[in-house]
Amino acid sequence: MYLIGICAVGFFVLVFGLIRMRYLRNRRELEKYSIEPEALHALMATKEVLLFDVRQPLDLLAHSEIIPGATRVPPKDVLEQASLIPKEKDSVIYCTCVSEKTSRMILDKARALNFTRIKFLRGGLDGWKAKGYPVEVYDKPFHLDTA
C-alpha cells in the first residue's frame, strides 16, 4: 500500500518537473524573440525596423491608436500569407492582448517558416503607451472579420 503511494507521489513529482522544465525552456526561447518598449524606442531612433500592428479587429476598434510608423496587418492575413512580413528585415509585431496571444501566434508561425529577424513587443501597445511613447490615431477603414 505504501509502495503504491510512494510511486504515485513520485509520478506526480516527475510530471510536474517535466511540465516546469518545458515552461522554463519556452520562456527562455521567447526571451530571444521579444523586445521591451525602451529597446524598441531606441532601436527606432537609430535603425530601420519594420513595425506591424497585428491586433484583432475588435481590439483595434476599442483602441483606435497605432504606434507611429507601424503598418496595420490583420492577424488572419499574416497567418494565411506570412510573406506580408519581410523575412530579410528586422521586424517587430505587437498586439493588445494581455498575454500577447496574437503576437505569439504570429511569431510561432514566422519561426516555423524560418524567420530569424522578427520579435514581438513585450506589453504590446499598452506597454508602449505606459512608457509615454507616442501613438497616433488610426483612422483607416478596416473589416471587423473576427473569424
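Begin with the aromatic rings, since the structure holds one aromatic pair. Select Trp128 and Tyr133, whose rings form that pair in a tilted arrangement, with 4.8 Å centre to centre and 50 degrees between the planes. Colour both residues by accessibility while they are selected: Trp128 is buried, with a relative accessible area of 1%, and Tyr133 is buried as well, at 17%, because buried here means under 20% relative accessible area. Keep in mind throughout the tour that this is a predicted model.

Now zoom out to the whole protein chain and switch to a cartoon, in which six helices and seven strands make up the secondary structure. Traced from the N terminus on, the elements run α-β-α-β-α-β-β-α-β-α-β-α-β. Of the 147 residues in the chain, 32% are buried. If you draw a contact map for residues at least 6 apart in sequence, 70% of its contacts join residues at least 24 apart.

Next, select the strands of the open sheet, of which there are five, arranged in the order S1-S6-S5-S2-S4 with parallel pairing. Strand S1 (34-35) and strand S4 (71-72) stand at the edges, and each has a single partner strand, so one side of each is left without a neighbour in the sheet. In general, the strands of a sheet pair through backbone hydrogen bonds, which makes a backbone display useful for the following steps.

Start at the S1 edge, where S1 and S6 pair in the parallel sense over two bridges; select Ile35 and you will find its bridge partner in S6 to be Leu121. Move across to S5, which pairs with S6, again in the parallel sense, over three bridges, and pick Ser91, whose bridge partner in S6 is Ile118. Then go to strand S2 (residues 50-53), which is joined to S4 by two bridges, with the two strands running parallel; here Phe52 has Thr71 as its bridge partner in S4.

With the sheet still shown, add helix H5 (residues 101-112), which packs on the sheet and touches strand S5 (91-94) and strand S6 (118-121), its direction making about 175 degrees with that of S6.

Follow the chain onward from this helix into the loop between H5 and S6, where Asn114 lies. Asn114 has a positive phi of about 65 degrees although it is not a glycine, and the general expectation is that most residues other than glycine have a negative phi. Asn114 counts as exposed, because its relative accessibility is 59%.

Turn next to the internal empty space, where a search with a lower limit of 30 Å³ finds one cavity, and the volume of the largest cavity is about 30 Å³. To display its lining, select Val78, Ala82, Ile85, Ile106, Lys109, Ala110, Phe115 and Ile118. Helix H5 gives the most to this lining, with three residues, while Ile118, one of the lining residues, is also the S6 partner of Ser91 seen earlier.

For the last stop, select Lys32, which is placed in helix H1 (residues 2-32). Lys32 counts as exposed, because its relative accessibility is 51%. Add Phe120 to the selection and draw a C-alpha to C-alpha distance: the two residues are 88 apart in sequence, and 9.8 Å separates them in space.

Definitions and conventions: Residues numbered from 1 in each chain as written. Predicted model: local features only at pLDDT ≥ 70, side-chain atom pairs only at ≥ 80, totals over all residues. Heavy atoms only, no water. Helix = DSSP H or I, 4+ residues; strand = E, 2+ residues; numbered from the N terminus. Buried < 20%, exposed > 50% of the residue type's maximum accessible area, 1.4 Å probe, protein only. Pairing = 2+ DSSP bridges. Contact = heavy atoms within 4.5 Å. Axes fitted to C-alpha atoms, helices over the stretch in contact; angles between N-to-C directions. Phe/Tyr/Trp six-rings, centres within 6.5 Å; stacked < 30°, edge-to-face > 60°. 1 Å grid on protein atoms, 1.4 Å probe; cavity = no way out; pocket = protein on both sides within 12 Å on 5 of 7 lines; lining within 4 Å. Points joined across faces, edges and corners; volume = space filled by probe spheres on them.
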